[in-house]
Each structure stands twice: as C-alpha cells, then as structure tokens.
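Here are a few short exercises on ring contacts. Have your viewer ready and work through them at your own pace.

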Amino acid sequence: MKNVAVISLGCDKNRVDTEHMLYALSRGGYSVCDVDTADVIIVNTCAFIEGARQESIDVILSCAEFKKTGVCKKLIVTGCLPQRYRDELERSLPEVDGFLGAFEYDRLIDIIDDDSRGEEYAESAAVDGACDKFRDFERGGRLLTTYPHLAYVKIAEGCDNKCTFCAIPSIRGSYRSRPKSDIVSEVESLAKDGVREVILVAQDVTRYGKDIGCDIVELLAALEKTAVDKLRLLYCYPECVTDALIDKIASSNKIAKYIDIPAQHYSDRILKLMNRRLSGGQLEELINKLHARGIVVRTTLMVGFPTETQEDFDALRGFVERAKPEYAGIFAYSKEDGTAAARLSGHIDKRTKKRRVDDLGKSATEATRKFNESIIGRTLDVLYEDADFDKNLFVGRADFQSPDVDGRVYFKARSVDVGKTYRVKITSCDDYDLYGEVCDELTE
C-alpha cells in the first residue's frame, strides 16, 4: 500500500501537522495521490466546535465509501477528534482501520503497515506523555500544502487560558512553547526553499516563551534577521498585546501591520462568564490604540453565550460599530462537553443565535466595506497568488490581508508571476474585496 491520500480539516495549526505527516510519508516511500486512487486514506480531523466535528464525521464516512467502491484498503483518522473521542469513535466507526491522536503522528507509518485497528496505541494518546516524541516528529521536516511563497509556522502547542467555552486545553494540553532556536532554524530553512511570508500560529501566539524564559517580541526580533520578507501574527490574546508588541509591529519593515485578536464579546458580564481577562472598555481601547499605529485588526466574536441578553448583544454590536475592526469572524456559541460554560443555565436557542450571527455580521460587513472604501484611489503592494477565470482577473493579497480568511485584491495586468509583488492602484471595492490594476513594475 504505497499510494496515500491525506485530507486536512480545521485550522492552520492542523495544516502544519498534516504537512509533517506528508513529509514522513514521503520519507517512508509513500506517494501522495487523490482519494479515488489511494490505497490508504488519512483524515486529519478537527473537534473544536460542533460544526467542525460534524464536518469531520461527514468526511470520514464519505472516505469510507472508497473502501467499498475504490482501491482503498485502509482508512485512518488522526488529530483532535480521536484525541478527544477515541473510545466512542472506535465503537461507532468500524469502517475506520486506525485512530491516532493529535500527538501520535510519529506512529503513522507503523499503523499504515499494521493490520490491527490501532488499539495498541490508545494508551499513548495522553497529551503530555506523547510530547517529546511529537517534538522530534516536528523537527523531521514538512511538505508545504500552501503556495510555495507562503508557510505557517507553529510556535507553541496547547493553551492555558481556560476560557469557559473552549475544549482546546483538554484536547491539546497545557501551553508549551517551541525552543526559539528551533523556530528560527525552521524559518531559515523555509526561506532557503523560497518562502517569502511566514505566518506565526499557536492557540495563543502572544504567550509564546512564558514557559521557557522568552517572549514573542524577542522571537520576532530573531525572525526579523532571517531572509523571509514578511512575518504575520495570528491568534493573539488581547490581554497579552503589550505596548512593546505594538511598537514592534508598527516599527518593523518585516512584520505585517496586521494582528488577529479574538475579542469574543464586549459585555463585561459575558466576558467574566467566559473567563476573559479584559473588560469591554479595555478591548475597545486596545483596538483604538492599534488603529492609531496603523495596524489592521481581525477579531473573532461569539454570540449566544449562555445567559446573553438582548442588551448584552446590543452592547457587542455597538462595540463593532464604534471600534470598526477591519475584519471579523462571527460565530455562534457551541456547547462543548466538559467545559464550564456547558454547565451554565440559560442556554440560548439556535434560532436566536442564528439571528444574532446574521445581525452582527451585517455590522461587521459594514465596517469592512467602509475600510475598503477608504482605500479606493491608493496604490498598494499586492502579492500575486492566483487567477480567477470567471472574473478574468488576477488575485492577490495586500499587507493587511491574511490568506483564506480576509478579503482579496482582484486586479488587471498584462503578465504576472506567482509569488511576486506588484504595485496595484485600487479603483473599486465590494463588501469584502478590492479591485484595481497594476500601475508599476513589480517591487522586488
């Protein structure tokens, strides 16, 4: 069984894990292929919220059909879903031939070659016991699944924040920073392979180094000395966005003037129930401070948390309308087994949650559109990445746009090369995207 297909679900941190798996497979003599020609199918799952779990189950069942109709002989499920629900999955999914938790990827080749269903690995699924081997696995190498000029780099694992709605600490364990030297070496290696933009990810990027006598600003200073052109920060908890970090982002020629900070809510009562550490007023003050330094803000907002009243929701919507984050992801609260919030009374019905998602989404979309309108007439450096044949336009990103989650820049040009940067004059916009045309030679 030498042809393997790998499906990666969930966040960018999961993508990094998948890339390490692909490297291990290639070193083991396996060829990566499409699911319809695969001897082995691997599904790397997400279990963060109900929707992600359902997507994972749907994909697993879809892949199981290839064992009936295709050449597939083995189906393996990895990642957060078996890390959290392994016993239940083994009972309910007999179609699956093996399960590996989120820190057992070093056993991947063994389980592919083994005829059992992976029960002998169940004991090692505990987070802390598997970490040392997992770190060695991470150092082994990666096969990028992004554009060649882009890579995500995971700088830490786990989380200590213990937000009452979140199951991540029970899945991924306590916060563990990677050694700074390992991260710098990886970024240097990526740069040699042609990567120009590195996106730093973790459950909480801003807590990097607290457990090893370092901090995120020190790490950024070291990474600025590498050959990559751009560094970008995702998933920065607001209470740890210090003045020193803001100064580093604002003053650096290599760090994108962009930050992702999950605010979650504005109502002080709801924030306290969530075990968040800043008040609504402090969150608004932080976003204003970031805007004053020219830093674009992406945030995450949750509606429908238990006991959320219409007054609480109106306060959240007013916050968005005043603070005007350039980009926002809006989510409905998902009741997660084992979390403190799941035990609260006053859970909100699905219809109300959906209405509040839609209502808040309108305010967030309006903030994004106003931001886009403010850019019309300006000329931006745009990294070219793709082509939209339906629109007959090239597609790229400005400094203030992250891949996949933010808007894009669509532009006209006679000839462009993927991974290179062009000067694009912005002529129009819609709710999410910008439109323009190349006006200068590439800025290399």
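The exercises below concern aromatic pairs and charges over rings in this predicted model.

**Exercise 1.** Classify the pair formed by the rings of Tyr-327 and Phe-371, and place both residues in the chain.

*Solution.* Eight aromatic pairs are found in the structure. For Tyr-327 and Phe-371, the ring centres are 6.2 Å apart and the planes meet at 80°. Planes over 60 degrees apart count as edge-to-face, so this pair is edge-to-face. Next, locate the partners: Tyr-327 belongs to strand S13 (residues 327-332) and Phe-371 to helix H13 (residues 350-375), 44 residues apart. Finally, Tyr-327, Phe-371 and Phe-400 make up one aromatic cluster.

**Exercise 2.** Decide whether Tyr-327 is buried or exposed, and do likewise for Phe-371.

*Solution.* The cut-off for buried is under 20% relative accessible area. Tyr-327 has 3%, so it is buried. Phe-371 has 15%, so it counts as buried.

**Exercise 3.** Repeat the analysis for Phe-394 and Phe-411.

*Solution.* The ring centres of Phe-394 and Phe-411 lie 5.9 Å apart with planes at 40°, so the pair is tilted. Phe-394 sits in strand S15 (residues 393-397) and Phe-411 in strand S16 (residues 409-412), 17 residues apart. With 21% relative accessible area, Phe-394 is partly exposed, whereas Phe-411, at 0%, is buried.

**Exercise 4.** Which ring does the charged end of Lys-391 sit over, and which ring does that of Lys-2 sit over?

*Solution.* Lys-391 places its charged end over the ring of Tyr-410, 3.9 Å from the ring centre. For Lys-2, the ring is that of Tyr-30, with the charged end 4.5 Å from its centre.

Notes. Residues numbered from 1 in each chain as written. Predicted model: local features only at pLDDT ≥ 70, side-chain atom pairs only at ≥ 80, totals over all residues. Heavy atoms only, no water. Phe/Tyr/Trp six-rings, centres within 6.5 Å; stacked < 30°, edge-to-face > 60°. Helix = DSSP H or I, 4+ residues; strand = E, 2+ residues; numbered from the N terminus. Buried < 20%, exposed > 50% of the residue type's maximum accessible area, 1.4 Å probe, protein only. Lys NZ or Arg CZ within 6 Å of the ring centre and 35° of its normal.
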